[in-house]
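Trainee: Please bring up the model. I would like to go through its salt bridges.

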Amino acid sequence: MKIILVSYSGSSASILKDRMLAWAAANMMETEIVISSLAGLEEGAEDADIVLVGPQVRCALASVREWVPVKVPVLAVDTRDFGMAKGDRVMQEAIAEIRRYKEQLMI
């Protein structure tokens, strides 16, 4: 699974990324997480399974949806989960959103 995590500052996002990867490893999931700025999002999103948007850039959520291919879901990360680096909750939400999105595309 490839996840793009869009954040304003990489420092808090890197802590969340580490915890997300730890959860994925504990659950035997092969996962790649790329931290991106808004400007860097235009590259690499085409092969992502999901794009997660951090609270600092949530105001640009509509723009992010325009830059990301239609087949890739975009999800705003809960502010508390992001701030407390709850990698387990963020991963579970991402997986659930991927499933929901794929089901919607089939309709």
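Mentor: We take the salt bridges one at a time, with the burial of their partners.

Mentor: The model is predicted: local features need pLDDT of at least 70, side-chain atom pairs count only at pLDDT 80 or more, and totals for chains, interfaces and linings use all residues. Residues are numbered from 1 along each chain as its sequence is written, and side-chain values use heavy atoms, with hydrogens and water left out.

Trainee: How many salt bridges are there?

Mentor: A salt bridge here is a side-chain nitrogen of Lys or Arg within 4 Å of a carboxyl oxygen of Asp or Glu. By that rule the count is four.

Trainee: Which residue forms a salt bridge with K2?

Mentor: K2 lies in strand β1 (residues 2–6), and its partner is in the loop between β2 (32–36) and β3 (50–53), so the pair ties together parts 45 residues apart in sequence. Strands (E, at least two residues) and helices (H or I, at least four) are DSSP runs, numbered from the N terminus. With closest N and O atoms 2.8 Å apart, the partner is D47.

Trainee: Is D81 buried or exposed?

Mentor: Buried means under 20% relative accessible area, exposed over 50%, and partly exposed in between (1.4 Å probe, protein chains only). R89, which meets D81 in a salt bridge at 3.0 Å, N to O, is partly exposed at 45%. D81 has a relative accessible area of 7%, so D81 is buried.

Trainee: In which helix do R100 and E97 lie?

Mentor: R100 and E97 form a salt bridge with closest N and O atoms 2.9 Å apart. The two are three residues apart, about one turn of the helix, and both lie in α4 (residues 87–106).
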